Amino acid sequence: MSRDPRSASAARAEVIGRISSVNGSQSIVDLAATTTAGEKPTVGKFMGLMSTKALIIGLITEIAEQPTSGTVGGQTFRKVARLDLIGELRADNGAQIFQRGVTEYPNIGDSACMLTESDLRLVYGGADGDHAHIGNLQQNTNIHVHIDIDNLVSRHFAILGATGVGKSSGVAIILNKILETRPNLRIFLVDPHNEYGRCFGEKANVLNPRNLRLPFWLFNFEETVDAFFGGRPGVEEEVEILSEVIPLAKAAYLQYRNGGDRNPLAKKRDPGDAGFTADTPVPYRIEDLINILDNRMGKLENRSRAVVFHKLIGRIQTFRNHPRYAFMFENANIGGDTMAEILGSLFRLPPDGKPMTIMQLAGFPAEVVDSVVSVLCRMAFDFGLWSDGVAPLLFVCEEAHRYAPADKTIGFGPTKRALSRIAKEGRKYGVFLGLVTQRPAEIDATIISQCSTLFVMRLSNDRDQNLIRSAVSDAAANLLAFIPSLGVREVFTFGSGVALPTRMRFQELAEAQRPSSEASGNTRSDAGTSMNKDLLTSVIDRWRSATMSHRAGDDDFNDYGDTPSLQPAPQPAATYAPPPAPSAPSMYAAPPPSPRGEALRSSLLKKPLDANSFGNPQPGSTPGFPSRFTK
Ligand SMILES: Nc1ncnc2c1ncn2[C@@H]1O[C@H](COP(=O)(O)OP(=O)(O)OP(=O)(O)O)[C@@H](O)[C@H]1O
Ligand SMILES: [Mg+2]
């Protein structure tokens, strides 16, 4: 039996045209005026060009009618198809194989046919240990599209599309396939809307403010400042003082751990000798930090300088004592240097049957979400860097435009830098990136350009479409005209993870695995029947928390002093006593009028209805939300 793809295809497919022009990677086919009933050539489908050694695969980018020359009397037209040549099927050691790119160009007069099902199956391969089925070809739904897991993951990928088109469901499909085919690859998913909790079953460890332990001492200096100052730029003088005292507190802790005197002030030796910087990820105690500040303040003669110290101490204490930041402070110093334990739990080392972490952000105080994401991103990269990529990790970030915005005036610099490092250098250290966004044009272009596989879903905005156009090859760019009209689940896939630029439809995701806000799930299924006291308490907590965000200006250090709290804050252990807080308004008083009241209420209603998981405003929804998200 002949293995020549040309003859094989010729036997199976009807010739529907002949090549009339070949120009670089493009070709024009004169289509026969009439064909028998078969597949019609339309834009986005594949044709085969029968050259001597291979069946060259062309993607139809244009179908047109052109006037024929030399006709006398009434004009006649010919139908032509413009193709981008993108791959070939050729015989190799007796078997037919698909390869990208064209090794031998077709000739004028060569026959053209539509690709048959068996040709398409060869192109899109089968599911095996390295390839996973994620959806079906749009032009022929019998054809399964398989992604190359290694190419997809190791060269970063992005899923882009307007709201509601199926991005998160696509993420759930792709990550589930990765978990199946690469059980040892660890996955870290940043989940800003708490929607993935149930998508990965037992394979994922779900973290939220209730069970996350992220000690404040793991924050680098910029992240610490961002947290202490509630997402605003720090006050310069206070920041300068902090940069001096944090290394001292770290040295004090070291001395204490080494059996020295617990009180750093009793030591005669300069604690600065320990060589720590404000960024070194070693433990220190807030008590030591405050003692050092207090001591320095006591020695000052300049009163205005003392006020700066005073404010800084107050700021730190208020932050530390607020129950919403318990994930940073509770047990932060118990167990000494717990960095290994924390890294192990965050990045699943060892995986213990759960190679994935879902980091649910919706319950975190809005002011610290950025610094938390920054710490996690940075640690993911640093762990890869310092371990020389010994334990590969895929870092997937939903709503990526928030964390890596193109606009330099918004977003949190350190998070963007951390994501950018993963995008640019992560591959070398086994740290891979998956980005998901509704607004590709708002993501830093250098980060998105590092993503070698793009899943592009419906996008109607011109800026977004232009960005995609600039990011993909010419062949793929011709298909982008479809993007505004794609349906839910439909996606154009380009790049190294897929054999050819492909218009496909994601698999149907089982209801139980679909990402959805826990809130909508709860209300739909339990409304009326499960309205127990816990749920009511949750609702009231959430309601009140809307008025609990700190709103103080930069020079009001006691950011939370005027904020009613549902629980009495623990007493600070420091010697310094802050001045009495201004009289607190009753927590039962009506909330202050807010111009965004209605928007705030509706966004709060989308939050998870879980007794413990909220109590904190959603990003973008609170009066005290950092200004960087609200241009
Ligand atoms: N692969 C799929 N299988 C089944 N249903 C799907 C699939 N993709 C999308 N859907 C349906 O479309 C809805 C929206 O999908 P999804 O939440 O994935 O969109 P999204 O692009 O992530 O939206 P948003 O930008 O608002 O986060 C889902 O709730 C589901 O009903
Ligand atoms: Mg989504």
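The legends below describe close-up views of a predicted model. In this predicted model, local features need pLDDT of at least 70, side-chain atom pairs count only at pLDDT 80 or more, and totals for chains, interfaces and linings use all residues. Residues are numbered from 1 along each chain as its sequence is written, while chains are lettered from A and ligands numbered from 1 in the order in which they are written.

**View 1. Strand β1 with its partners β2 and β7.** Helices (H or I, at least four residues) and strands (E, at least two) are DSSP runs, numbered from the N terminus, and two strands pair if DSSP finds at least two bridges between them. Strand β1 (residues 15-23) runs antiparallel to β7 (residues 111-114), to which 3 bridges join it, and R18 has S111 of β7 as its bridge partner. Strand β2 (residues 26-31) is also antiparallel to β1, with 6 bridges between them, and here S21 stands opposite I28. β1 and β2 form a hairpin with 2 residues between them, and G24 in the turn has a positive phi of about 55°.

**View 2. An open sheet of 11 strands.** The strands follow the order β9-β8-β18-β17-β16-β10-β15-β14-β11-β13-β12, and their pairing is mixed. At the edges are β9 (144-148) and β12 (204-207), each of which pairs on one side only. Neighbouring strands of this sheet are turned by 25° against each other on average, direction ignored, where axes are lines fitted to C-alpha atoms, for helices over the stretch in contact, and angles run from 0 to 180 degrees between N-to-C directions. Within the sheet, β10 (residues 157-160) and β15 (residues 431-437) run parallel and are joined by 4 bridges, with F157 opposite G434.

**View 3. Helices α11 and α13 packed together.** The axes of these two helices are 8 Å apart and make an angle of about 25°. The helices are therefore roughly parallel to each other, a label given to angles under 35 degrees, whereas angles over 145 count as roughly antiparallel, 65 to 115 as roughly perpendicular and the rest as oblique. Two residues are in contact if their C-beta atoms, placed from the backbone, lie within 7 Å; the residues that make this contact include V373, C377 and F381 of α11 and A418, L419 and I422 of α13.

**View 4. Helix α5, which is mostly covered.** A residue is buried if 20 or more other C-beta atoms lie within 10 Å of its own, exposed if 12 or fewer, and partly exposed in between, with C-beta atoms placed from the backbone. In α5 (residues 221-228), 7 of the 8 residues are buried, among them E222, V225 and F228. These buried residues pack against α6 (236-257), α8 (303-321), α11 and α13 (413-425), and just after the helix G230 takes a positive phi of about 60°.

**View 5. Two loops with unusual backbone features to find.** Which residue is joined to L349 by a cis peptide bond? The partner is P350, with omega about -5°, and P350 is found in the loop between α10 (339-346) and β13. In that loop D352 has a positive phi of about 50° although it is not a glycine, and D352 is exposed because 10 other C-beta atoms lie within 10 Å. In the loop between α11 and β14 lies D388, another residue other than glycine with a positive phi, near 60°.
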